[in-house]
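Me: I'd like to learn how to read a helix against its surroundings. Can we work through one together?

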Amino acid sequence: MIIGLTGKNVAGKGEVIKFLAERGFQCLSLSDALREEAARLEKPVTRDLLVELGNRLRKEFGASVLAERIFACLDPEKNYAIDSIRNPAEVQVFRRRRDFYLVNVQAPQKLRFERLRQRARENDPKTFDDFLALEAKEAVSVETNH
């Protein structure tokens, strides 16, 4: 079985992944393919770099490129939870398996901003306006790459 997760930043996808991992699911992220690409290029992994790489790879190889890279590594005998599904082309890749389910994890913007502030990562937006600007930028990146 494959459970694919989609949803905005700090919506709670990580908590769903944790829940599924505790039940024996192998947990992967489409961002893993981006991290591998960053390592291949010998670049430090930052959120901005991952967005840039994702946009470049999708433009160069098509909207499904990250899903294709992850899908190629899946064992049909194992259960997977796959995070960071961003566009319909990625969904179509995983739908090749009849046991694929897509879950959209949602939470209100204010709650997601509070979660982001609590985790206090160095490059996270510090104000709600910056948070909204980042979301708008990421939404445009996703929309223009499928």
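Reply: Start with the outward side. This is a predicted model. The face of helix 2 turned away from its buried side carries E36, A39 and R40, which are exposed. Exposed here means over 50% relative accessible area.

Me: Which residues of helix 2 are buried?

Reply: Buried means under 20% relative accessible area. In helix 2, residues 30–40, that gives L30, S31, A33, L34, E37 and A38. Look down the helix axis: these buried residues fall within an arc of 150 degrees, so they line one face of helix 2.

Me: What do the buried residues of helix 2 pack against?

Reply: Contact is the test: heavy atoms within 4.5 Å. The partners are strand 2 (26–29), strand 3 (80–83), helix 3 (47–61), helix 4 (65–71) and helix 5 (88–94). Helix 2 lies across strands 2 and 3, at about 60 degrees to strand 2.

Me: And the ends? What caps the N-terminal end of helix 2?

Reply: S29 does. A side-chain oxygen of S29 lies 3.0 Å from the backbone nitrogen of S31. After helix 2 comes E42, with a positive phi near 60 degrees.

Me: Now the sheet. In what order do the strands run?

Reply: Read the pairings across. The order is 2-3-1-4, in an open sheet of 4 strands with parallel pairing. Strand 2 and strand 4 (100–104) stand at the edges with a single partner strand each, so one side of each has no neighbour in the sheet. Neighbouring strands are turned by 20 degrees against each other on average, direction ignored.

Me: How many bridges join strand 2 to strand 3?

Reply: There are 4. C27 stands opposite A81 in strand 3.

Conventions. Residues are numbered from 1 along each chain as its sequence is written. This is a predicted model: local features need pLDDT of at least 70, side-chain atom pairs count only at pLDDT 80 or more; totals for chains, interfaces and linings use all residues. Side-chain values use heavy atoms; hydrogens and water are left out. Buried means under 20% relative accessible area, exposed over 50%, partly exposed in between (1.4 Å probe, protein chains only). Helices (H or I, at least four residues) and strands (E, at least two) are DSSP runs, numbered from the N terminus. The arc is that of the directions from the helix axis to the C-beta atoms. A polar contact is a pair of N or O atoms within 3.5 Å; within protein, one must be able to donate a hydrogen and the other to accept it, and residues adjacent in sequence count only if both atoms are side-chain atoms. Two strands pair if DSSP finds at least two bridges between them. Axes are lines fitted to C-alpha atoms, for helices over the stretch in contact, and angles run from 0 to 180 degrees between N-to-C directions.
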